[in-house]
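Visitor: Please take a close look at the salt bridges of this protein, and describe carefully where their residues sit and what surrounds them.

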Amino acid sequence: LGDVYKRQVVASDPLGTIQFQGGNGTASVEGARIQSIAGSTWSSTNRDSDLLFWTTPNASTTIAERMRIDSNGVLQLTSDINGYLNANTIGMEIDINRNPETGTFKDTGLSHARIIMRGDTTANGGSNIKFITSSTVNTVGTTKMTIAGDGNVGIGTTSYAADSILTLGTTASTGLTLLSVSNAGESFLNFADTADVNAGRIYYG
């Protein structure tokens with residue numbers, strides 16, 4: 001018996017299972033399960049593991065995995081949705097179709113999306129929320145919209161004009177920018193493009 005427990009564990013080997021059972025009128029059957037499996041081959045310096053949660057849907061007798069906490073602490077919400085929730089020391093992110101820790105795509109035929117909620121120092125602008133998408137499958141998305149700590153919003157850009165409230169375009173000088181100059185009591189709606197960064201303005205003050 002001792003030698004059996006010394007056998008080297010490899011990836012996906014079960015480490016332990018808690019089963020939840022009940023009677024169906026004729027037998028005791030499984031309805032839910034919590035299970036731990038090895039994340040990779042174990043050694044004297046590695047014992048990574050995943051924790052899996054299983055339930056059975058209505059009008060079915062087939063149990064299915066619904067949620068997994070992997071060895072990096074990433075929460076994966078069912079294999080059908082391909083959603084991942086990851087928290088670290090400065091924030092939290094929600095990823096679709098891509099594990100944020102390993103970078104592995106769940107389905108290479110699908111694209112990637114992410115929302116990052118980040119807390120940061122005052123010197124770095126404080127907290128912000130970023131929305132990341134990709135138009136190409138199996139490709140890491142890029143930031144398409146940012147809500148900064150001061151409430152300013154950038155859509156299609158990560159660069160803001162001074163005093164800007166809303167910036168639309170690839171940069172603060174080549175798009176549509178709504179500005180409010182607080183110390184002058186003035187507001188502007190600036191229009192610009194790559195040919196002329198000062199193409200037009202609507203002014204209120």
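**Salt bridges and their setting**

Guide: The protein has 1 helix and 15 strands, where helices (H or I, at least four residues) and strands (E, at least two) are DSSP runs, numbered from the N terminus. This is a predicted model, in which local features need pLDDT of at least 70 and side-chain atom pairs count only at pLDDT 80 or more, while totals for chains, interfaces and linings use all residues. Residues are numbered from 1 along each chain as its sequence is written, and side-chain values use heavy atoms, with hydrogens and water left out.

Of the 205 residues, 26% count as buried; here buried means under 20% relative accessible area, exposed means over 50%, and partly exposed lies in between, with a 1.4 Å probe and protein chains only. The protein exposes about 12,700 Å², of which carbon and sulfur atoms supply 55%; such areas come from the Shrake-Rupley method with a 1.4 Å probe, and for residues only the protein chains shown count as cover.

Side chains of opposite charge can pair when their charged atoms come close. A search of the whole structure finds 7 salt bridges, each being a side-chain nitrogen of Lys or Arg within 4 Å of a carboxyl oxygen of Asp or Glu. One of them joins Arg33 and Glu30, with the closest N and O atoms 2.8 Å apart. Arg33 is buried at a relative accessible area of 16%, whereas Glu30 is partly exposed at 22%.

Another of these bridges brings together the side chains of Asp50 and Arg68, at 3.6 Å from N to O. Because Asp50 lies in strand β3 (residues 49-55) and Arg68 in strand β4 (residues 64-69), the pair ties together parts that are 18 residues apart in sequence. Asp50 counts as buried, at 10% relative accessibility. The pair also belongs to a wider arrangement, since Asp50, Glu65 and Arg68 are linked in a network of salt bridges.

The backbone around this network can be followed from strand to strand. β3 and β4 pair in the antiparallel sense over 5 bridges, pairing being assigned when DSSP finds at least two bridges between two strands. Within that pairing, Glu65 of β4 is the bridge partner of Trp54. On to the next strand, β4 pairs with β5 (residues 75-77), again antiparallel and over 3 bridges, and Arg68 stands opposite Gln76 in β5. β4 and β5 form a hairpin with 5 residues between them, and Gly73 in the turn has a positive phi of about 85 degrees. Arg68 thus takes part in a salt bridge with Asp50 and also stands opposite Gln76.

A further salt bridge links the side chains of Arg114 and Asp95, at 2.9 Å from N to O. Arg114 lies in strand β8 (residues 113-118) and Asp95 in strand β7 (residues 91-96), so this pair ties together parts that are 19 residues apart in sequence. Arg114 is buried with a relative accessible area of 16%, and Asp95 is buried as well, at 0%.

The strands that carry this pair also contribute to a nonpolar patch on the surface, formed by Met92, Ile94, Ile96, Ile115, Met117 and Ile129, with about 410 Å² of accessible area together. Patches are made of residues with over 30% relative accessible area and no salt bridge, like charges being joined within 9 Å and nonpolar side chains (Val, Leu, Ile, Met, Phe, Trp, Tyr) within 5 Å. β7 and β8 each supply at least two residues of the patch, and the largest share, 3 residues, comes from β7. Met92, which lies in β7, counts as partly exposed at 35% relative accessibility.

Following the chain past β8 leads to Gly119, in the loop between β8 and β9 (128-133), which counts as partly exposed at 34% relative accessibility. The C-alpha atoms of Gly119 and Ile129, 10 residues apart along the chain, are separated by 8.9 Å. Not counting residues up to four places away in sequence, Gly119 touches Ile90, Gly91 and Ser127, a contact meaning heavy atoms within 4.5 Å. Across the protein, residues 24 or more positions apart account for 17% of the contacts with a separation of 6 or more.
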